[in-house]
Amino acid sequence: MARVVVLGAGISGHTAALHLRRLLDKQHEVVVVSPNSQWNWIPSNIWVGVGRMKPSQVTFPLKPVYDKHGVDFRQAKAVALHPEGDERTSKGYVDVVYTDPARAGETQSIEYDYVVNATGPKLNFAATPGLGPDGHTVSVCTYGHADEAAKQLAGVIAKLKAGQRQTLVIGVGHGTCTCEGAAFEYTFNVEHELREAGVRDLAEIIYLTNEYELGDFGVGGLNFKQNGFVTTSKLWTESLFKERGVKSILRAHVQKVEEGRLFYETLDGSADTLDFDFAMLLPPFRGQDLQAFAKDGSDITATVFAPSGFLKVDADYTAKPVDEWKAGDWPSTYVSPSYPNVFGVGIAFAPPHPISTPRKAPNGTVISPAPPRTGMPSGLMGRAVAMNIADMITGKSNTPQHHASMAEMGAACVASAGAGFTKGSAASMTMYPVVPDYDRFPGYGRSLTETTGEIGLAGHWMKHLLHVMFIYKAKGKLGWSMIPE
Ligand SMILES: Cc1cc2nc3c(=O)[nH]c(=O)nc-3n(C[C@H](O)[C@H](O)[C@H](O)COP(=O)(O)OP(=O)(O)OC[C@H]3O[C@@H](n4cnc5c(N)ncnc54)[C@H](O)[C@@H]3O)c2cc1C
């Protein structure tokens, strides 16, 4: 009998847990530890943030799904890993603290044969003074944050209707943020809502980003063939900004936020302030700050985790100049180099380096996107790790044989640019591979035909279809495993 403990029930952890349960017979245990009782389809938080959806439409309770599938769910947060056990046991275990209201604060040590760290990002609002829901800006990172953002946006719309001019700033709240695609989506959904409300003319919308150019999205931008010509996501994104009258501030790092005013610096070394009535700025991400201890109790956090708090896996973490970056630097099995039964997937694994070119202001401030680990790659990693663990438990192999490198997988991303079945639109992008590989694709690093970009109403329908499909899949309903990650 083996026990697999999955930490986190988001896109990667939940995918891993359901596949593990599908692949392993019932003599083996699958335990999921996650602090939130709800599953959240995070991409649709954008629509919660403009009031088009309610939190209940993007969430569902995890326990009934896990009960149905025979997964042992513990509503708790992991705080420490003991991959070598201790003087009592030679088995690895994880320390958890219950968040389940019935057991709140209770601690437990859960032994494992395999553990998957899929704890996603810690929303590091603290990196920028005044940033976030406890400060002076809103967020759409969780359904609760998004619900609050929608309320504030409704207040802005009411003021616009009363004839008051309003400035809305949307983007990223730190020079090292990732997830620019989500900020881009929220910008254009807000713009759409203001037009629908008939108040667009009194509103100024400013997209503030750490990207060097529009359309970078943290993946260094996209090149693709359209009508026989190579075009770029920069060109395409810039035309959308122009068409919708959205201004942009590029290459920016937000230093601090006060009530109604933010302070920022840019790559060229200049600094400025920006007054706002409404600001949705994403925080930078870091790992969940789990600790790790050796058998003798000594702290091995720095061995197991990168300084960013993300789990070190089978990546090449040697510091290299950009022109020496290789596709092979990226991990493919997500196994810890120190412990063969410890894995890190989704946002929780430590990437070897960014995808966009790293840049610093003259004073040393880093102002360039961290690499995104979006939904599709996170799901694919979760599935590959589940298959590897199942193979090792059932004796099919001794080492991980299934690979899911971001340098070998494609990803599709549909960025909503306004909700609505007749008036909605979305920017649909596919890229292959996610991490450029200049050896296989000289010049652009990606396939020019398997990388695409399109904007239109069909994209909105696609985004809505993904919402329905992925919630169906995550509920583990009939045929769930046939729906691709
Ligand atoms: C607003 C927004 C919009 C987005 N839109 C898109 C999109 O359109 N397309 C796309 O592909 N991607 C999108 N993304 C990115 C996508 O949401 C992430 O790639 C994906 O959620 C990452 O999956 P994950 O499992 O690594 O992390 P998450 O989905 O965040 O899951 C992490 C899990 O770990 C749990 N957890 C946290 N701490 C602990 C702990 N200490 N112990 C145990 N469990 C813990 C959490 O409760 C959660 O269940 C968007 C992101 C945001 C913020």
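Colleague: Where does the ligand lie with respect to domain 1 and domain 2?

Modeller: A good way to start is to ask which domains give residues to the shell. Here domain 1 (3-123 + 285-393) and domain 2 (129-281 + 408-482) both do, so the ligand lies between them. Do keep in mind that this is a predicted model.

Colleague: Which residues around the ligand come nearest?

Modeller: The shell has 35 residues, and the nearest are Gly-8, Gly-10, Gly-120, Gly-346 and Gly-375.

Colleague: And which helices and strands supply at least two residues of that shell?

Modeller: Those are α1, β2 (29-34), α2, β5 (72-82) and α8.

Colleague: How do the shell residues divide by character?

Modeller: You sort them into three classes: 19 are nonpolar, 14 polar and two charged. Glycine counts as polar in this scheme.

Colleague: Now the domains themselves. How far apart are their C-alpha centres?

Modeller: The centres of domain 1 and domain 2 are 25 Å apart. For the contact, look at both sides: domain 1 gives 45 residues and domain 2 gives 54.

Colleague: Which elements of domain 1 give two or more residues to the side that touches domain 2?

Modeller: They are α1 (11-23), β3 (38-40), α2 (45-48), β4 (59-61), α3 (62-69) and α8 (375-393). Of these, α2 has the largest share, with four residues.

Colleague: What is the make-up of that side of domain 1?

Modeller: The side of domain 1 that touches domain 2 has 27 nonpolar residues, 14 polar ones and four charged ones. To link the two topics, follow α1, α2 and α8: each is listed for the ligand shell, and each is listed for the side of domain 1 that touches domain 2.

Notes:
Residues numbered from 1 in each chain as written. Predicted model: local features only at pLDDT ≥ 70, side-chain atom pairs only at ≥ 80, totals over all residues. Domains from an automatic or database assignment. Contact = placed C-beta atoms within 7 Å. Near = placed C-beta within 6 Å.
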